[in-house]
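Here is a short note for a colleague who has not met this structure before. Please keep the sequence and the model open while reading.

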Amino acid sequence: MIVGVLMMVFGITFETATMSFNFATITKSFIDIPSIIITIGGSLCGVLASNKLADTISSFKAFSLTLKEPNADAGEVIRNIINLSNIARKEGLLALEEAANGIEDEFLKKGIMLVVDGTDPELVRGIMETDLSCIETRHKTVIGFYQKWGALGPAWGMIGTLIGLIKMLKDLSDPDSIGPNMAVALLTTLYGSIIANWLCEPTSSKLTVNNDLEMVVKEITVEGLLSIQAGENPRVIEEKLKSFLAPTVRDGMNGGEGGE
């Protein structure tokens, strides 16, 4: 995303004739306050009207997640599950309660406590999958926010362009002003395209990738806990959970985690 900004600035400021950069070009030709208000203000109002205020605030906060690597690590989760299965095999399911104290993953810890409490396996699956479904719903609300904004940005850019063209066509007495007025009218279309293609589309795509990865990790967690509860062999559990991963990721994991 930052690289995209730099490329855009490069394209705007670089002048081929002089083979130099002219940063004054940005403020002179590419910044127009009324166009910014129409495009950004109008599209944001449309998004606010389409979402609850709380969801809007959460969506803006979620933008920072696109700048970080996701915490979900399927390999690490599988290793934790295998370690837990070895403990359960040697010391019994009740020993998992103490082992859970050192685990930071709240989803995994919640599942462990359900297993330790002797909850019916089908009920464990139901509770965990309901939790998983609610997490995914929250993620899709945020993703939908950026998809909606990405759709409204170009639409409001076109509205701004039409407003500019109407104002220009109402006064054609000065031919020298037609070019500059047309340029200003087209700026709203540019702003709308920037909103959609630089901000919203990459953000929604990155959040979708993060969501898919987290869902896979949580599905691995559910299957692993149910396998531990069923008393399956740690090596069998390991092979079962690795089936969720791409072959290259499986090959990259260390062997010998299955224990006895």
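Where does I36 lie? The points below start there and then work outwards.

1. **I36.** I36 lies in helix α3. The model is a predicted one, so the values here are computed from it. With a relative accessibility of 27%, I36 counts as partly exposed. The reason is the cut-off: buried means under 20%, and exposed means over 50%. Beyond its sequence neighbours up to four places away, I36 touches I31, G41 and Y191. Look at Y191 in particular. I36 and Y191 are 155 residues apart in sequence. In space, their C-alpha atoms are 7.2 Å apart.

2. **The overall plan.** The protein chain has 11 helices and two strands. Read from the N terminus, the order of elements is α-β-β-α-α-α-α-α-α-α-α-α-α. The chain holds 260 residues, and buried residues make up 34% of them. It exposes about 14800 Å². Carbon and sulfur atoms supply 62% of that area.

3. **Contacts across the sequence.** Take the contacts in the protein chain with a separation of 6 or more. Residues 24 or more positions apart account for 73% of these. The pair I36 and Y191 is one example of two residues far apart in sequence, with their positions 155 residues apart. Further pairs follow below.

4. **S43.** Is S43 buried or exposed? S43 counts as buried, because its relative accessibility is 0%. Its place is in helix α3, which covers residues 33-50. The side chain of S43 makes a polar contact with the side chain of W149, at 3.0 Å. Leaving out residues up to four places away in sequence, S43 touches I38, W149, L152, G153, W156 and I195.

5. **I195.** This residue is on the contact list of S43. I195 sits in helix α9. It is buried, with a relative accessible area of 7%. Apart from residues up to four places away in sequence, I195 touches T39, I40, S43, W149, G153 and C200. I195 and G150 are 45 residues apart in sequence. Their C-alpha atoms are 6.3 Å apart in space. W149 and G153 deserve a second look: S43 touches both, and I195 touches both.

6. **N51.** Move on to the loop between α3 and α4, where N51 lies. The side chain of N51 reaches the backbone oxygen of V47 at 2.9 Å. Setting aside neighbours within four places in sequence, N51 is in contact with T56 and F145.

7. **α4 against α8.** Two packed helices are described by the angle between their axes and the distance between the axes. Helix α4 (residues 53-62) and helix α8 (residues 121-169) pack at an angle of about 85 degrees. Their axes are 9 Å apart. The two helices are therefore roughly perpendicular to each other. From α4, the contact is made by D55, T56, S59, F60 and A62. From α8, it is made by T141, V142, F145, Y146 and W149. T56 and F145 are also the residues that N51 contacts. W149 is also the polar partner of S43.

8. **α7 against α9.** At what angle do the axes of α7 and α9 cross? Helix α7 (residues 106-116) and helix α9 (residues 178-229) cross at roughly 20 degrees. Their axes come within 10 Å. α7 and α9 are therefore roughly parallel to each other. The crossing is right-handed. On the α7 side, F107, L108, G111, I112 and V115 make the contact. On the α9 side, K218, T221, V222, L225 and Q229 make it.

9. **α9 against α10.** The axes of α9 and helix α10 (residues 234-242) come within 10 Å. They cross at roughly 160 degrees. α9 and α10 are therefore roughly antiparallel to each other. This crossing is right-handed. I220, E223, G224, S227 and I228 in α9 meet I237, K240 and L241 in α10.

10. **I82.** End with I82, in helix α5 (residues 74-91). I82 is buried, with a relative accessible area of 0%. I82 and G224 are 142 residues apart in sequence. Their C-alpha atoms are 8.2 Å apart in space. G224 is one of the α9 residues that meet α10.

Definitions and conventions
Residues are numbered from 1 along each chain as its sequence is written. This is a predicted model: local features need pLDDT of at least 70, side-chain atom pairs count only at pLDDT 80 or more; totals for chains, interfaces and linings use all residues. Side-chain values use heavy atoms; hydrogens and water are left out. Helices (H or I, at least four residues) and strands (E, at least two) are DSSP runs, numbered from the N terminus. Buried means under 20% relative accessible area, exposed over 50%, partly exposed in between (1.4 Å probe, protein chains only). A polar contact is a pair of N or O atoms within 3.5 Å; within protein, one must be able to donate a hydrogen and the other to accept it, and residues adjacent in sequence count only if both atoms are side-chain atoms. Contact means heavy atoms within 4.5 Å. Accessible areas come from the Shrake-Rupley method with a 1.4 Å probe; for residues, only the protein chains shown count as cover. Axes are lines fitted to C-alpha atoms, for helices over the stretch in contact, and angles run from 0 to 180 degrees between N-to-C directions. Angles under 35 degrees count as roughly parallel, over 145 as roughly antiparallel, 65 to 115 as roughly perpendicular and the rest as oblique. A crossing is left-handed if the near helix is turned anticlockwise from the far one by less than a right angle, and right-handed if clockwise.
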